[in-house]
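Here are my comments on the model you sent round. They cover the aromatic rings, the nonpolar cores, two acidic residues and the pockets.

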Amino acid sequence: MGDLEIRAAVADDIPAIVGMLADDPLGARRESPDDLAPYLAALERLSADPNQHLMVAVREGRVVGTLQLTIVPGLSRRGATRSIIEGVRIHADERGSGLGTQLIQWAIDESRNQHCQLVQLTSDSSRTDAHRFYERLGFTASHVGFKLAL
């Protein structure tokens, strides 16, 4: 496979990102690739916030992966800064290629560069393959997460 570039997402990447978000049973129910306006507005908000990093992996000019890294300053853990990895998606053609590992490693390295003491992520309880993937990378399922839709 060709060279891989991991870079900040731009507006032209949004159709490919949304396509990957929608390309699974959970995303198919909650994403709307036919209306990109809310995603473009979200990209503007993310791009204006220095603690938000919406990244894409590009191979041979094609967006093949994405994730969002959020840096969260905090008071707990002696004022520790943590990072949160979200929205990890790999294009179906690239799954199993090692790209997911490269993207997560980028996020871990960037978290270190941002002086984070902890990297965390959540994964829907139905994504058992993803859970095995994260555990192989050293993450532990140490907490139970809760959500409240507003």
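Are Tyr-134 and Phe-139 buried or exposed? The points below start from that question; please keep in mind that the model is predicted.

1. Tyr-134 and Phe-139 are both buried. The structure contains two aromatic pairs. One of them joins Tyr-134 to Phe-139 in an edge-to-face arrangement, with 6.0 Å from centre to centre and 70° between the planes. Ring pairs also bring in Phe-133, so that Phe-133, Tyr-134 and Phe-139 make up a cluster.

2. The largest nonpolar core consists of 20 residues, and Tyr-134 is among those with the most contacts inside it, together with Leu-67, Leu-69, Ile-85 and Ile-104. At least two residues of this core come from each of strand 2 (52-59), strand 3, strand 4, helix 5 and helix 6. Helix 5 supplies the largest share, six residues. As background, nonpolar side chains tend to be buried together in soluble globular proteins.

3. Ile-85 deserves its own entry. With neighbours within four places in sequence left aside, the contacts of Ile-85 include Leu-67, Leu-69 and Ile-104, three residues that are also listed with Ile-85 as having the most contacts inside the core. Ile-85 is in contact with Val-119, Gln-120, Leu-121 and Thr-122 as well, and with Phe-139, the ring partner of Tyr-134. Gln-68 and Ala-107 complete the list for Ile-85.

4. There is a second, separate core of 13 residues. Its members include Ala-9, Met-20, Leu-43 and Leu-46.

5. Two acidic residues should be checked for their surroundings. Asp-13 sits in the loop between strand 1 (4-8) and helix 1. Asp-13 counts as buried because its relative accessibility is 5%, and the cut-off for buried is under 20%. Beyond residues up to four places away in sequence, Asp-13 touches Arg-7, Ala-8, Val-56 and Val-63.

6. The second acidic residue, Glu-110, is in helix 5. Glu-110 has a relative accessibility of 16% and therefore counts as buried too. Along the chain, Glu-110 and Ser-83 are 27 residues apart, while their C-alpha atoms are separated by 9.3 Å.

7. The largest pocket holds about 1200 Å³ of space. Its lining comprises 43 residues, and those nearest the centre are Gly-87, Val-88, Arg-89, Arg-127 and Tyr-134. The elements giving two or more residues to this lining are helix 1 (14-22), helix 2 (25-30), helix 3 (37-48), strand 3 (62-73), strand 4 (81-90), helix 5 (99-113) and helix 6 (128-136). Helix 6 gives the most, with seven residues. By type, the lining divides into 18 nonpolar, 11 polar and 14 charged residues. Tyr-134 thus appears both at this pocket and in the largest nonpolar core.

8. The second largest pocket has a volume of about 830 Å³. It is lined by 24 residues, with Leu-121, Thr-122, Thr-140, Ala-141 and His-143 nearest its centre. Strand 4, strand 5 (118-121) and helix 6 each give two or more residues to the lining. Strand 5 gives the most, with four residues. Nine of the lining residues are nonpolar, nine are polar and six are charged. Leu-121 and Thr-122, named here near the centre, are also contacts of Ile-85.

Definitions and conventions
Residues are numbered from 1 along each chain as its sequence is written. This is a predicted model: local features need pLDDT of at least 70, side-chain atom pairs count only at pLDDT 80 or more; totals for chains, interfaces and linings use all residues. Side-chain values use heavy atoms; hydrogens and water are left out. On a 1 Å grid over the protein atoms alone, a cavity is a set of points where a 1.4 Å probe fits but cannot get out, and a pocket is an open set with protein on both sides within 12 Å along at least five of seven lines; lining residues have an atom within 4 Å of a point. Grid points are joined across faces, edges and corners, and a volume is the space filled by probe spheres set on the points. Ala, Val, Leu, Ile, Met, Phe, Trp, Tyr, Cys and Pro count as nonpolar, Asp, Glu, Lys and Arg as charged, and the others, Gly among them, as polar. Rings of Phe, Tyr and Trp (its six-membered ring) pair if their centres lie within 6.5 Å; planes under 30 degrees apart count as stacked, over 60 as edge-to-face and the rest as tilted. Buried means under 20% relative accessible area, exposed over 50%, partly exposed in between (1.4 Å probe, protein chains only). A nonpolar core is a set of buried Ala, Val, Leu, Ile, Met, Phe, Trp, Tyr and Cys residues joined through side-chain atoms within 4.5 Å. Contact means heavy atoms within 4.5 Å.
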